[in-house]
Amino acid sequence: MATKQTRAWQRMLSGRRLDLLDPTPVDIEIEDIAHGLAFVARWNGQTKGDFAYSVAEHSLLVEELFGRIHPKATTAERLTALLHDAPEYVIGDMISPVKAAVGPDYEELDKRLTAAIHIRFGLRATTTVRLKKLIKKADRISAWMEAVEIAGFTRDEADKLFGAPDLDLISDLHIKLRAPVLARQDFTARHAALMKDMS
């Protein structure tokens with residue numbers, strides 16, 4: 001008697017069928033990524049405002065911060081920063097305590113999806129440790145801004161969790177809360193601009 005196989009793929013709006021256990025670059029489309037990330041809420045949706053703060057919006061901010069911190073960064077490095085949370089378009093955004101509870105399986109899934117996404121857009125399958133650290137610095141500044149501006153943290157709490165940022169670096173930046181369609185459009189446009197610069 002045949003056993004029923006568990007489904008491990010998801011149908012994307014583009015029509016692609018993405019196998020989560022064995023993702024391939026040919027099944028990755030930027031429109032699917034942008035759409036998914038625009039509807040995935042950071043902080044499990046526990047933020048102020050009439051719209052959730054999406055991973056797409058966060059990704060745009062991280063890429064902007066990364067460019068400010070590292071003005072000589074290559075276009076490929078900036079694209080890597082923009083796509084740093086791209087796997088969350090299918091696996092969602094888990095807060096750090098949940099990731100720790102889930103364990104290494106989540107990390108492996110994230111790694112496989114990241115590799116497929118990177119190859120699809122002409123990047124190295126794996127990000128160097130050096131570049132990961134540089135992007136993580138921008139990511140932590142973004143998290144600090146989000147925590148203080150929309151997630152109800154005090155500055156002292158955010159400083160302890162994420163490190164106090166250089167306030168001059170972010171003096172003109174603020175968290176944007178807006179309709180998912182706008183974040184999706186901006187994410188797709190920024191990706192297209194970076195891809196054009198890489199060609």
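What follows is a walk through a predicted model, starting with its cores and moving on to a few helices, a loop and two pockets.

The nonpolar interior is a good place to begin. In soluble globular proteins, nonpolar side chains tend to be buried together. Here the largest nonpolar core holds 30 residues, and Ile-33, Leu-83, Tyr-89 and Phe-187 are the ones that touch the most other members. Six helices each give two or more residues to this core: α1 (30-38), α2 (55-69), α3 (75-82), α4 (88-91), α6 (104-120) and α9 (180-198). A separate core of 26 residues lies apart from this one, and its members include Tyr-53, Val-62, Ala-147 and Ala-158.

Phe-187 is worth a closer look. Setting aside neighbours within four places in sequence, Phe-187 is in contact with Ile-30, Ile-33, Ala-34 and Leu-37, and also with Ala-56, Ser-59, Leu-60, Leu-82 and Leu-83. Several of these partners turn up again in helix α1, where Ile-30, Asp-32, Ile-33, Ala-34, Gly-36, Leu-37 and Ala-38 are buried. That makes 7 buried residues out of 9, so α1 is largely enclosed by the rest of the structure.

Another partner of Phe-187 is Ala-56, a residue of helix α2. With a relative accessible area of 0%, Ala-56 is buried. Beyond its neighbours within four places in sequence, Ala-56 is in contact with Leu-37, Ala-38, Ala-183 and Phe-187. For a sense of scale, the C-alpha atoms of Ala-56 and Ala-116 are separated by 19 Å, and these two residues are 60 apart along the chain.

Ser-54 belongs to the loop between α1 and α2. It counts as buried, at 6% relative accessibility. Not counting residues up to four places away in sequence, Ser-54 touches Leu-37, Ala-38, Val-40, Arg-42 and Ala-183. Leu-37, Ala-38 and Ala-183 are also contacts of Ala-56. Ser-54 has a polar partner too: a polar atom of its side chain lies 3.1 Å from the backbone nitrogen of Glu-57.

That loop between α1 and α2 has two more residues to point out. Trp-43 sits in the loop and has a positive phi of about 60°, although it is not a glycine. Asn-44, found in the loop as well, has a positive phi of about 55° and is likewise not a glycine. How exposed are they? Trp-43 is buried, with a relative accessible area of 17%, whereas Asn-44 counts as partly exposed at 45%.

Over in helix α9 there is Leu-194, which counts as buried at 2% relative accessibility. Its contacts, leaving aside neighbours within four places in sequence, are Glu-63, Thr-75, Arg-78, Leu-79 and Leu-82. Leu-82 is also in contact with Phe-187. Leu-194 and Thr-47 are 147 residues apart in sequence, and their C-alpha atoms are 30 Å apart in space.

Now for the pockets. The largest pocket has a volume of about 1200 Å³. It is lined by 34 residues, and those closest to its centre are His-84, Asp-85, Lys-99, Lys-136 and Asp-139. Helices α5 (96-102), α6, α7 (129-149) and α8 (155-162) each give two or more residues to the lining. The most comes from α6, with 7 residues, and α6 is also among the helices that give two or more residues to the largest nonpolar core. By class, the lining of the largest pocket divides into 13 nonpolar, 9 polar and 12 charged residues.

The second largest pocket has a volume of about 210 Å³. Its lining is made up of Tyr-53, Glu-57, Leu-60, Leu-61, Glu-64, Leu-173, His-174, Ile-175, Lys-176, Arg-178 and Asp-186. The largest share, 4 residues, comes from α2. This lining has 5 nonpolar, 1 polar and 5 charged residues. Some of its names are already familiar: Leu-60 is in contact with Phe-187, Tyr-53 is a member of the core of 26 residues, and the backbone nitrogen of Glu-57 lies 3.1 Å from a polar side-chain atom of Ser-54.

Conventions:
Residues are numbered from 1 along each chain as its sequence is written. This is a predicted model: local features need pLDDT of at least 70, side-chain atom pairs count only at pLDDT 80 or more; totals for chains, interfaces and linings use all residues. Side-chain values use heavy atoms; hydrogens and water are left out. A nonpolar core is a set of buried Ala, Val, Leu, Ile, Met, Phe, Trp, Tyr and Cys residues joined through side-chain atoms within 4.5 Å. Buried means under 20% relative accessible area, exposed over 50%, partly exposed in between (1.4 Å probe, protein chains only). Contact means heavy atoms within 4.5 Å. On a 1 Å grid over the protein atoms alone, a cavity is a set of points where a 1.4 Å probe fits but cannot get out, and a pocket is an open set with protein on both sides within 12 Å along at least five of seven lines; lining residues have an atom within 4 Å of a point. Grid points are joined across faces, edges and corners, and a volume is the space filled by probe spheres set on the points. Ala, Val, Leu, Ile, Met, Phe, Trp, Tyr, Cys and Pro count as nonpolar, Asp, Glu, Lys and Arg as charged, and the others, Gly among them, as polar. A polar contact is a pair of N or O atoms within 3.5 Å; within protein, one must be able to donate a hydrogen and the other to accept it, and residues adjacent in sequence count only if both atoms are side-chain atoms.
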